[in-house]
Amino acid sequence: MSRSAKPDVIVIGAGAAGLAAATALHEAGRHVLCLEARERVGGRMLSTAVDGGALDLGATWFWPGEQRVATLAARTGAGVFDQHLSGDAVFHDGSGPRRLQGNMIDVPAYRFAAGAQHLPAALAASLPADAVLLDTPVTAIRSVGEDGLEVHTPDRTLRAAQVVLAVPPALALERIDFGDALPDEVVRLARSTPVWMGAVAKVVGLYSSAFWRQDGLAGAAFSRSGPLQDIHDMSGPEGRPAALFGFAHARAVRPGFDKAVAAQLAACFGPAAGSPDALHVRDWSREPWTAPRTVHALADYSLFGHPLYQRPTLDDRLHWASTETATEYAGHVEGALRSGERAAYAVMSSGLYGSGNTAD
Ligand SMILES: Cc1cc2nc3c(=O)[nH]c(=O)nc-3n(C[C@H](O)[C@H](O)[C@H](O)COP(=O)(O)OP(=O)(O)OC[C@H]3O[C@@H](n4cnc5c(N)ncnc54)[C@H](O)[C@@H]3O)c2cc1C
């Protein structure tokens, strides 16, 4: 019988939070099964391979003090290096670009030479081979009393004593049918909690060299003219692969977007910036496994780390995780890792064990 048949704990979502939970539970000797809707692990940590390295289309940085990310990066050989800071920044508005003295836009931060997705990929690879099921969206969760929780996917029904829900709460409420089992206050909270960066498009321009550095520019800009609001150097170690990236509001992604981005990059960093070898646009608001339909309306970030997320629900068998539930570093990968670890410890200290049989 495969390991997936009788899990002690089911983790829903194989992003940083879900994989941190699954790893902690596995290391504690629990039989864990992680169900992931997408065909890949990593969630909002997504990298694409290019000649000489990787480009991050989701999370990019971590910052001093983010100890869990630092430890994981070192353990998995992600190749940490410093964000490029030196050079002048650019301020760009309707009256044109202005070169500022120095770079007051970027703060000291670290990057991953192997790409941010290396971290979740390495976590998944260190779990038993059949512990992560891809292409397996969870569609419903039901309480089955003493037997724990039943977790439904399009083609199977699984049972476990406890479940870690490592999915942005508003998305979980939209995609997963809980019947009427969740308390009203939990439903209201989860439906109102924003999805961090869920309404953002990330744009990455790839170049043959980081030519802006030779011009004494940092590759950093604030712009009020064009779709990108802030732009940063996203080149790899020693400037290879050479890349600039910017964030745009997802609503700005419409016909003509790429052309407007190219014009904006050229205005800020010179004509060569307007002709990238490749322009990657990742609109996270259109990712069905990141953003609920309500994503543009959710703005109350004070709900991040809410006390209700620190308590289990559904007969104390369903534990919240995801960066949105973290009490510290919410929104960051560090928060996601912490939320997953917290949920794993809550599972281990709960004393609830179940049959873990498959229901069919
Ligand atoms: C453009 C962008 C830039 C960012 N930059 C940074 C940065 O520089 N530094 C930083 O620290 N953070 C950054 N972040 C935030 C960071 O990516 C997140 O905090 C972190 O990756 C969240 O991890 P998570 O596990 O909580 O959620 P997710 O990564 O969203 O993982 C949730 C997982 O659950 C899966 N899932 C969803 N629904 C279901 C379902 N019904 N059944 C099964 N699986 C399901 C999803 O496919 C996904 O894999 C950025 C995010 C974005 C989008």
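Start at the ligand and select Glu 36: one of its polar side-chain atoms lies 2.5 Å from an oxygen atom of the ligand. Keep in mind as you go that this is a predicted model.

Next, select Thr 60. Here a polar backbone atom is 3.0 Å from an oxygen atom of the ligand. Then move on to Val 138, where a backbone N or O atom sits 2.9 Å from a nitrogen atom of the ligand. Now show the surface of the protein: it covers 99% of the 1,000 Å² of accessible area that the ligand has on its own.

To see the surroundings, display the 38 residues around the ligand. Which of them come nearest? They are Glu 36, Arg 44, Thr 323, Gly 331 and Val 333, so keep those five in view for a moment.

Now zoom out and colour the chain by domain. For domain 1, select 3-42, 119-196 and 289-350; for domain 2, select 51-65, 83-111 and 199-286. With both coloured, you can place their centres, which are 33 Å apart when taken over C-alpha atoms.

Where the two colours meet, look for 9 residues of domain 1 in contact with 9 residues of domain 2. About 700 Å² is buried between domain 1 and domain 2, and carbon and sulfur atoms give 60% of that area. Select Thr 290, His 296 and His 332 here: together they supply 52% of the area that domain 1 buries against domain 2, more than any other three residues.

Stay on this side of the interface and colour by residue type. The residues of domain 1 that touch domain 2 divide into 4 nonpolar, 3 polar and 2 charged.

How many salt bridges cross between domain 1 and domain 2? The rule finds 0. For polar contacts across the interface, it finds 1 residue pair.

Key
Residues numbered from 1 in each chain as written. Predicted model: local features only at pLDDT ≥ 70, side-chain atom pairs only at ≥ 80, totals over all residues. Heavy atoms only, no water. Domains from an automatic or database assignment. Contact = heavy atoms within 4.5 Å. Buried area = accessible area lost by both parts, 1.4 Å probe. Salt bridge = Lys/Arg side-chain N within 4 Å of Asp/Glu carboxyl O. Polar contact = N/O pair within 3.5 Å; in protein donor to acceptor, adjacent residues only side chain to side chain. Nonpolar A, V, L, I, M, F, W, Y, C, P; charged D, E, K, R; others polar. Near = heavy atom within 4 Å. Areas by Shrake-Rupley, 256 points an atom, 1.4 Å probe, with all protein chains shown as cover.
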